[in-house]
Amino acid sequence: MYFVLNFLLATASSPSEVNDNGACPVPPLPKHLTEFYINGEWVAPHQGGTAFNVINPSFDEPVATISLGSQPDTDKAVEAARKALPGWSQERSLDERKIFVEKLLNIYYRRSEEMAQLISAEMGSPIDHARDAQTGSGSYHMEQFLRALEHFEQEQLVPGVHPDEASTTIYLEPIGVVALITPWNWPMNQVTLKVIPALLVGCTCILKPSEMAPLSSLLFAEMIDEAGFPPGVFNLINGDGAGVGSQLSAHNDIDMISFTGSTRAGRLISQAAASSNLKKVSLELGGKGANIIFADVGSDLEEVVQSGVWSCFDNSGQSCNAPTRMLVERSVYNQAVAIAAGMTNGKDVTTRTANTEGDFYGPVSSRAQFDRVQKFIQLGIDEGAKLVAGGLGRPDGTNGKGFFVRPTVFADVTADMTIMEEEIFGPVLSIMPFDTEKQAVEITNGTPYGLTNYVSTQDPERRRRLARLLESGMVEINGVGADDGAPFAAVRASGNGREGGVFGMEDFCVLKVVSGE
Ligand code: NAD
């Protein structure tokens with residue numbers, strides 16, 4: 001996610017040649033498509049599992065068939081993780097666990113082209129984007145956790161107590177067996193944000209990737225196997241939310257669920273966790289980021305607006321932290337709308353099949369996403385927003401089969417319109433004017449979400465005020481991304497997560513207070 005803006009700024013130029021007439025390509029597939037990785041082995045699902053087609057969204061054609069598991073598979077994976085826990089958490093030191101992750105990272109570098117091909121085929125990221133941003137996010141997170149490890153303290157003193165007088169040590173211990181449930185939109189970003197810190201601090205895990213984009217995780221499991229992690233430390237089962245997802249959430253022998261996905265599923269998981277063994281639940285959920293642009297940006301207006309549009313459309317608008325609501329101070333509002341509409345209607349914003357090289361947008365990830373985005377565009381029109389770019393249907397020049405949507409810009413949106421309130425998860429930008437700073441803050445905080453908000457202003461006092469007043473886990477000011485090791489943080493209906501760096505490792509720990517040792 002940290003890559004989105006940088007990647008876009010680096011690639012926001014010349015479109016490549018249109019080439020949408022090819023057949024659906026089949027990438028080199030993982031070896032064990034219909035099996036699960038449990039206790040260090042590839043095993044067949046209970047009673048063969050349920051066959052599930054993974055669809056290439058550029059062509060609406062199956063690229064592979066996987067198996068969805070059931071309760072016996074879930075139980076088997078949990079049992080393996082539980083059995084492996086004492087050896088991994090107590091008999092291996094942090095340094096030893098680090099060596100396994102370093103091996104994994106080297107394998108990941110070596111097989112990164114395979115990873116990019118799979119991500120592109122399973123969820124529609126254009127191949128160059130899949131290489132740089134999607135696959136790159138996985139290696140980036142492994143690297144940043146290895147760096148953060150230098151600052152992770154397994155034993156701490158009570159703050160304020162002088163070491164000579166301290167009688168108490170706070171141990172940060174691995175929470176235990178963790179289930180990791182991930183979405184399809186940034187597959188390796190999410191998988192590495194969870195698996196790596198969990199394993200480093202000494203947890204054992206069961207990964208359930210999205211059934212829509214499981215191929216990258218199957219390859220990731222092959223890499224884990226090659227790196228030689230002890231059996232049971234990492235387990236993977238495929239399944240859907242109603243099946244394996246719910247079974248993990250309700251399982252009495254799991255100590256924590258780390259979930260990234262929709263607010264809807266986050267609620268169900270929290271309920272299941274509360275009614276079972278009260279396991280810890282860490283949630284990274286949806287978002288509806290505002291991008292507040294003040295007139296004092298002056299001559300930077302064009303760059304600021306363009307950067308906001310690219311960020312909104314990146315990954316075909318399927319990023320939880322996308323700045324989908326652009327709030328512009330009224331005196332420069334018309335200018336901002338003209339810039340956003342001009343670039344979206346221009347030749348640089350193009351859409352193609354994901355296997356084509358170059359800088360463009362791919363399809364959205366599934367028919368369900370396509371229908372959802374169409375529904376929201378129709379709602380925008382019906383509720384009276386002014387369509388200034390894009391609209392319903394597929395973009396010209398695409399193959400007529402894939403789930404391609406037209407990058408769309410609505411102007412004159414009002415705060416009560418559905419497109420301003422609900423997460424669309426497609427390349428749809430809503431722009432509205434504001435008159436005062438207070439009004440901009442109220443509109444920004446007016447959705448239930450609280451993930452990332454963006455502010456552009458030259459006024460330092462205003463920057464400090466807004467950083468405090470905006471109700472979100474992250475506030476990005478003047479396009480400056482967070483430092484290496486800063487967590488991806490969420491509040492309100494966007495969840496309670498803190499993924500990345502030392503914070504992300506501590507999230508997989510429990511505190512034990514020991515005095516008089
Ligand atoms: P989703 O909630 O439908 O599915 C996510 C995962 O949860 C999948 O693995 C799915 O099988 C599983 N799942 C679904 N229902 C479940 C249930 N009842 N119990 C247990 N597991 C269940 O979400 P999605 O469509 O895959 O992903 C898109 C959503 O993810 C968007 O809302 C997006 O904003 C959010 N997201 C958030 C972040 C973040 O860091 N905050 C990052 C990426 C995506």
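**Exposed, buried and paired: reading the labels**

User: Why is Arg-110 called exposed?

Analyst: Arg-110 has a relative accessible area of 54%. Buried means under 20%, exposed over 50%, and partly exposed in between (1.4 Å probe, protein chains only), so Arg-110 counts as exposed. Please keep in mind that this is a predicted model, where local features need pLDDT of at least 70, side-chain atom pairs count only at pLDDT 80 or more, and totals for chains, interfaces and linings use all residues. Residues are numbered from 1 along each chain as its sequence is written, and side-chain values use heavy atoms, without hydrogens and water.

User: What makes Glu-226 and Arg-110 a salt bridge?

Analyst: Their side chains meet at 2.2 Å, N to O. The term asks for a side-chain nitrogen of Lys or Arg within 4 Å of a carboxyl oxygen of Asp or Glu, so this pair qualifies. Glu-226 belongs to helix α7 and Arg-110 to helix α3 (residues 94-110), so the pair ties together parts that are 116 residues apart in sequence. (Helices are DSSP runs of H or I, at least four residues; strands are E runs of at least two, and both are numbered from the N terminus.) Glu-226 itself is partly exposed, at 42%.

User: How do you know that α7 has the span expected of a helix?

Analyst: The expected span is 1.5 Å times one less than the number of residues. For the 13 residues of α7 (residues 215-227) that is 18 Å, and the end C-alpha atoms are 19 Å apart, which agrees. Just after α7, Gly-228 takes a positive phi of about 80°.

User: Why is α7 called mostly covered?

Analyst: Because eleven of its 13 residues are buried. Among them are Leu-218, Phe-220 and Ile-224.

User: What makes Asp-296 and Arg-462 a salt bridge, and are the two residues buried or exposed?

Analyst: The N to O distance is 3.2 Å, which meets the cut-off. Asp-296 lies in the loop between β12 and α10, and Arg-462 in helix α15 (residues 460-469), so the pair ties together parts that are 166 residues apart in sequence. Asp-296 counts as partly exposed at 29%, whereas Arg-462 is buried at 15%.

User: Which residues form the negative surface patch?

Analyst: Asp-382, Glu-383, Asp-416, Glu-421 and Glu-422 form it. A patch takes residues with over 30% relative accessible area and no salt bridge, joining like charges within 9 Å and nonpolar side chains (Val, Leu, Ile, Met, Phe, Trp, Tyr) within 5 Å. Asp-416, at 59%, is exposed, and it is found in the loop between β15 (406-411) and α13 (418-421).

Note on methods:
Areas by Shrake-Rupley, 256 points an atom, 1.4 Å probe, with all protein chains shown as cover. Lys, Arg positive; Asp, Glu negative; His and termini not counted. Charge placed at Lys NZ, Arg CZ, Asp CG, Glu CD.
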